[in-house]
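Work through the exercises below with the sequence and the structure side by side. Each task is followed by a solution that goes step by step.

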Amino acid sequence: MKRSIPALIATALVATTLTALTTTPASATPSRHPKPVVKCEFTPTPENPAAKPVRIPSANARAKGTVDVYFVTNYGPFVVRMDRANAPCGVHNFVHLVKSRFYDFTQCFRLTNSSRLGVLQCGDIYRQEEGGPGYKFPDEVTGQETYPRGTVAYGNQGPGTNGSEFFVVHSFANIDPNYTVLGHVIAGMSTFDRMVAAGIADPDQDGPPAKPIHILKVWAH
């Protein structure tokens with residue numbers, strides 16, 4: 001009997017995840033938040049209303065443990081392990097948006113592959129830096145952040161403007177430590193290699209992907 005496309009995608013995703021989990025060492029980073037729950041501040045942005053129907057998250061965020069977020073794109077799947085201890089409000093918000101299906105059937109508008117920056121930027125529903133969730137919240141940074149290959153972090157338009165925009169580092173990012181780190185890709189980095197190989201529609205290697213990159217489905221576990 002032929003297997004359905006969703007079943008094949010799920011099988012491939014689980015296989016890559018299990019492979020990664022057996023080869024990825026556990027993080028030894030100590031918790032920055034000794035309390036199990038922290039209070040978050042989400043501020044409505046009426047000047048920039050929600051691009052999709054979504055409520056403001058609750059103010060209470062878990063500050064311990066991890067959560068795995070699964071993405072299916074038209075280039076293949078990938079999995080991100082997010083660290084609640086490092087960015088409790090950021091992870092809380094991301095999971096909230098995932099459960100609200102905010103990222104489903106969206107498009108990533110920016111791909112870079114320059115000598116300074118190699119990232120895929122997503123989460124902007126309308127176009128680059130336009131189409132957030134209708135609210136913002138503060139950064140969770142120490143000033144010591146680095147952004148090696150596989151890092152997933154929030155994008156922003158200045159301090160305290162986090163919302164739905166995020167980026168994945170496919171090579172490296174020589175940038176200031178101003179961006180809240182959510183976690184790291186633990187499976188599926190080859191998906192980003194395929195995206196980069198498909199090209200960028202800009203001679204400076206910073207612009208829209210030459211071929212559209214679509215996020216089809218996201219879920220958290």
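**Exercise 1.** Which residue stands opposite Arg-110 in strand 8?

Solution. Keep in mind that the model is a predicted one. Begin with strand 7, residues 110-112, which is joined to strand 8 by 2 bridges and runs antiparallel to it. Between these strands, which together form a hairpin, there are 4 residues. Following Arg-110 across to strand 8, one arrives at Gln-121.

**Exercise 2.** Explain why strand 8 is largely enclosed by the rest of the structure.

Solution. Take the residues by the direction in which they point: Leu-117, Val-119 and Gln-121 face one way from strand 8, whereas Gly-118, Leu-120 and Cys-122 face the other way, and all of them are buried. Buried here means under 20% relative accessible area. Because 6 of the 6 residues of strand 8 are buried, the strand is largely enclosed by the rest of the structure. Strand 8 also pairs with strand 11 in the antiparallel sense, over 5 bridges, and there Val-119 has Val-169 as its bridge partner.

**Exercise 3.** Place these strands in the sheet and find the strands at its edges.

Solution. The open sheet has 10 strands with antiparallel pairing, in the order 6-14-4-5-12-10-11-8-7-13. Strand 6 (106-108) and strand 13 (206-207) each have a single partner strand, so one side of each is left without a neighbour in the sheet. For strand 6, 3 bridges lead to strand 14, residues 213-220, and Thr-106 stands opposite Ile-215. Finally, helix 2 (residues 88-99) lies across several strands of the sheet, including strand 4, to which it runs at about 40 degrees.

Technical notes: Residues are numbered from 1 along each chain as its sequence is written. This is a predicted model: local features need pLDDT of at least 70, side-chain atom pairs count only at pLDDT 80 or more; totals for chains, interfaces and linings use all residues. Side-chain values use heavy atoms; hydrogens and water are left out. Two strands pair if DSSP finds at least two bridges between them. Contact means heavy atoms within 4.5 Å. Axes are lines fitted to C-alpha atoms, for helices over the stretch in contact, and angles run from 0 to 180 degrees between N-to-C directions. Buried means under 20% relative accessible area, exposed over 50%, partly exposed in between (1.4 Å probe, protein chains only).
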